[in-house]
Amino acid sequence: MTETSGSGIRTQVIGTDLSSKTTRGVFGGREQAIDSAVYRGAIDRMAILPSTDHKVAIYIHLPFCPTQCMSCDRVAVITHSKAAIDDYLTTLDLEMSLVSKRLGRSWELSQVLVGGGTPNYLADAQLARVAAMIERHFEVTQDTRMAIECNPSRTSQGQLALIRGLGFKELRFEMREIDPLAQSALGRSHSPELLQDTAENARRSGIERLSFELAFGLPNQTRESLRHSMSWLMELGPDEVVCSEFVRQEQIFENQRMLDPASLPRLSEKMTLFSTMMDVLDEAGYVWLGPRTFVKANDPLVTARQDGMLFQNRLGYTSALDHWVLGFGIGAVSELPVLLAQNATDVTDWRSAVLAGDHPAESGVRLSLSESRERIAFANLGAHLSVSIADITTPLGVDLVRRLIEADLLSVSNEVARLNELGRQNWQYIVEASEDLWWLAV
Ligand code: SF4
């Protein structure tokens with residue numbers, strides 16, 4: 001699809017779905033159209049939470065990429081125009097100002113994730129502008145966990161030093177694959193040597209945490225190719241590895257039509273591929289943190305789980321108690337006390353709303369307080385491995401717990417429901433397979 005942005009510059013928009021890997025949409029198909037007033041109401045509700053007890057996480061979407069990947073399932077804008085990016089940043093600043101003013105005080109940030117697109121496609125001055133915006137509208141402290149997604153092909157020692165100097169301590173690389181043959185089937189090429197250089201340069205620049213995402217279920221992927229990729233990955237010593245399932249959704253992402261369906265692994269082969277990843281990670285001493293995510297045994301998040309202080313929000317695992325996420329930019333998702341909302345995915349719609357002084361939320365799910373509490377409980381079940389029965393109060397939640405117990409995936413004692421071994425090992429598949437649980441837990 002080709003769009004014309006507010007600055008009159010032609011860009012190409014891929015897809016409409018920020019983070020979902022399924023055809024069920026960001027909120028499991030439960031979303032409805034919402035307007036600015038609904039979002040403002042949710043912000044007002046958040047604004048009255050006591051400042052001493054609550055922080056917030058923010059997600060900033062920078063959708064720009066220089067070329068299109070065949071497997072892309074993100075809200076991406078292909079452009080080579082610096083002016084288009086500058087124009088987007090001006091609107092982003094305005095959007096953040098609208099929300100921070102409505103919140104009425106400078107909220108301390110527990111987490112920041114700048115995602116894309118390819119955030120490090122931006123010029124140095126543009127990245128510095130994004131960091132300045134964050135500090136202008138929110139309070140960044142030493143404890144704020146600041147992460148940015150990067151494409152290794154676009155990093156340089158100078159850029160990494162800049163990113164660290166701007167306060168980012170964590171880099172996330174969405175690799176999909178490392179094996180050269182499997183990468184070429186996706187139209188990508190990051191050599192293992194390039195990754196090694198990038199990881200070394202990042203650590204030399206003072207970056208404290210490197211997270212790599214690899215996918216299983218990609219075209220032409222085999223157990224052997226994945227083993228190669230995993231062994232290259234292990235040589236980089238990542239702090240975190242995210243194993244995500246690739247699902248071809250050509251009806252949403254037209255670019256995926258270029259992928260040959262015959263080259264995609266079947267479900268049973270996917271299970272084998274995922275087991276291969278788990279075996280390698282296990283042999284290397286990584287700890288399973290929750291669905292898809294593995295970390296080094298000495299990772300602070302492992303300690304957090306032991307202390308019962310591991311939580312999950314849309315940005316990943318965190319030891320910060322606060323669950324709320326404010327999303328900025330096209331397609332960004334917000335998770336507020338009584339509302340899940342996604343911004344307009346079209347640059348022109350998003351920009352028009354912000355310039356009119358409205359919030360650009362376009363779709364979402366309104367939640368009662370019970371539903372909100374229950375959603376957090378299920379989202380955290382994969383992190384804590386247990387959930388208090390007292391938090392499950394809606395008919396849907398109660399029925400889900402009953403079905404999980406009947407399937408021998410969950411057991412209950414002393415008013416606490418715990419994932420058993422079978423449930424723990426298969427949590428990702430259980431969540432993906434259950435319409436209700438998927439919506440509650442993702
Ligand atoms: S780099 Fe990422 S966001 Fe950009 S087109 Fe490729 S997959 Fe999509």
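Helices and strands here are runs assigned by DSSP, numbered from the N terminus, and two strands count as paired if DSSP finds at least two bridges between them. With that in hand, let's tour this predicted model.

**View 1. The hairpin of β21 and β22 has two residues between its strands.** Look at the turn and find N414, which takes a positive phi near 50°. On either side of the turn, β21 and β22 (residues 416–419) run antiparallel and are joined by four bridges. You can trace the pairing residue by residue: L410 has L419 in β22 as its bridge partner, and S411 stands opposite R418 in β22.

**View 2. Three strands form an open sheet in the order β20-β22-β21.** The pairing in this sheet is antiparallel. Which strands lie at the edges? They are β20 (386–388) and β21 (410–413), each of which pairs on one side only. Neighbouring strands are turned by 25° against each other on average, ignoring direction. On the β20 side, three bridges join β20 to β22.

**View 3. The side chains of β22 alternate between two faces.** In a regular strand, side chains alternate between the two faces of the sheet. Now follow β22 itself: A417 and L419 point to one face and are buried, while V416 and R418 point to the other and are not.

**View 4. S386 sits in strand β20, opposite R418 in β22.** Here is a residue to zoom in on. Leaving aside residues up to four places away in sequence, S386 touches V416, A417 and R418. S386 and A417 are 31 residues apart along the chain, yet their C-alpha atoms are separated by 5.4 Å. Is S386 buried, exposed or partly exposed? S386 is partly exposed, because 17 other C-beta atoms lie within 10 Å, and a buried residue would need 20 or more.

**View 5. Two helices pack against the strands.** Helix α11 (residues 369–384) lies across β20 and β22, and runs at about 140° to β20. Helix α12 (residues 395–406) packs on the sheet too, touching β21 and β22. The direction of α12 makes about 110° with that of β21.

**View 6. A shell of residues surrounds the ligand.** Take a moment to find them on the structure: C65, Q68, C69, C72, R74, A76, G116, G117, T118 and N151. What classes make up this shell? There are four nonpolar, five polar and one charged residues around the ligand.

Key:
Residues numbered from 1 in each chain as written. Predicted model: local features only at pLDDT ≥ 70, side-chain atom pairs only at ≥ 80, totals over all residues. Near = placed C-beta within 6 Å. Nonpolar A, V, L, I, M, F, W, Y, C, P; charged D, E, K, R; others polar. Axes fitted to C-alpha atoms, helices over the stretch in contact; angles between N-to-C directions. Contact = placed C-beta atoms within 7 Å. Buried ≥ 20, exposed ≤ 12 C-beta atoms within 10 Å, placed from the backbone.
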